[in-house]
Amino acid sequence: MDPFSGRVAIITGGAGGIGMALARAFAARGAKLVLADLDEAALTRAASDLRADGATVHTVPTDVGERAQVEALADATFRHYGAAHVVCNNAGIALFGEMAQATHKDWEYTMRVNFWGVVHGVEAFVPRLLAQAQGGHIVNTASMAGLVGMRWLGIYCASKFAVVGLSEALNRELAPQGIGVSVLCPMIVETNINANSLRNRPAPLRNPDHTDAPPDIEAGTMVGSVIPPAEVGRRVVRAIDRKDLYVLTHPEQREILRRRARRQDQMFEPDTW
């Protein structure tokens, strides 16, 4: 029997982009879905599309930056399905620009969603998975910007580095309990994250000169190919099957990570050490 069949998968940021791709990939393997998203209209459309393809879907409008709402998501999942097995803390936003020009509200907004959204998912679901004693898997969405620092993405990098470290530690904690952890670190994926990040920014965390246009980014800053969300979904499913800790999505990541490791390793050369 397919290990996904009949299992319950929860996906935050599930109404589009990578979240929707995860939903389709899990549903194709027979999983039942709980989609959570801040955008209720998009959530309704996503659920309708998935049901048209035969998926079993329950929706819960959720702001992952609010711990009480993520706890309510967990309660709704167990109330509706009686169990949870795969938890994807996927909701995220991206702000671009130099840190020297960033406002404190930029930091608050980014960490609220990208870091605290994952923390809230861990707080709400991990104790329930342990009590349930049926195994399971946690997937935390980080980024290549959580493995390598990048100009114009300093705040985003800070939030995603935190998610990588959290996931590595959580994997060590939960592996003996039969619960897997994966951290998804994609490069550029064809999604609407930039537009959604601006549109969904809470009014109290908007800057006085808030604009719907992102700042100009130097050509070549964001390097690498652009892949469709479906490829990310495929790789996440494979990672869960294999219990991989890291989910990498682009072949060009390999040399970038090697360069970073070499720079660190060189610090131990006799003339440097």
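How many bridges join strand β1 to β4, and do the two run parallel or antiparallel? Select residues 8-12 for β1 and take a look: three bridges join β1 to β4, and the strands run parallel. Keep in mind that this is a predicted model.

Zoom in on that pairing next. Pick Ile11, and you'll find Cys88 as its bridge partner in β4. Now show the side chains of β4, residues 86-89. Val86 and Cys88 point one way, Val87 and Asn89 point the other way, and all of them are buried. That fits the general pattern: in a regular strand the side chains alternate between the two faces of the sheet.

Hop over to β5, residues 136-141, which runs parallel to β4 and is joined to it by four bridges. Select Asn89 and Asn140 together; Asn140 is the β5 residue standing opposite Asn89. To see how the chain gets from β4 to β5, follow it through helix α4, residues 104-132: this β-α-β crossover is right-handed.

Keep going to β6, residues 179-185, where six bridges make a parallel pairing with β5. Here Val139 stands opposite Ser182 of β6.

Next, turn to helix α1, residues 17-28, which packs on the sheet and touches β1, β2 (32-37), β4 and β6. Its direction makes about 170° with that of β1.

Finally, zoom out to the whole sheet. It is open, with seven strands in the order β3-β2-β1-β4-β5-β6-β7 and parallel pairing. Colour β3 (57-61) and β7 (246-248) at the edges: each has a single partner strand, so one side of each is left without a neighbour in the sheet. On average, neighbouring strands are turned by 15° against each other, direction ignored.

Terms used
Residues numbered from 1 in each chain as written. Predicted model: local features only at pLDDT ≥ 70, side-chain atom pairs only at ≥ 80, totals over all residues. Heavy atoms only, no water. Buried < 20%, exposed > 50% of the residue type's maximum accessible area, 1.4 Å probe, protein only. Pairing = 2+ DSSP bridges. Right-handed = clockwise from strand over helix to strand, strands pointing away. Axes fitted to C-alpha atoms, helices over the stretch in contact; angles between N-to-C directions. Contact = heavy atoms within 4.5 Å.
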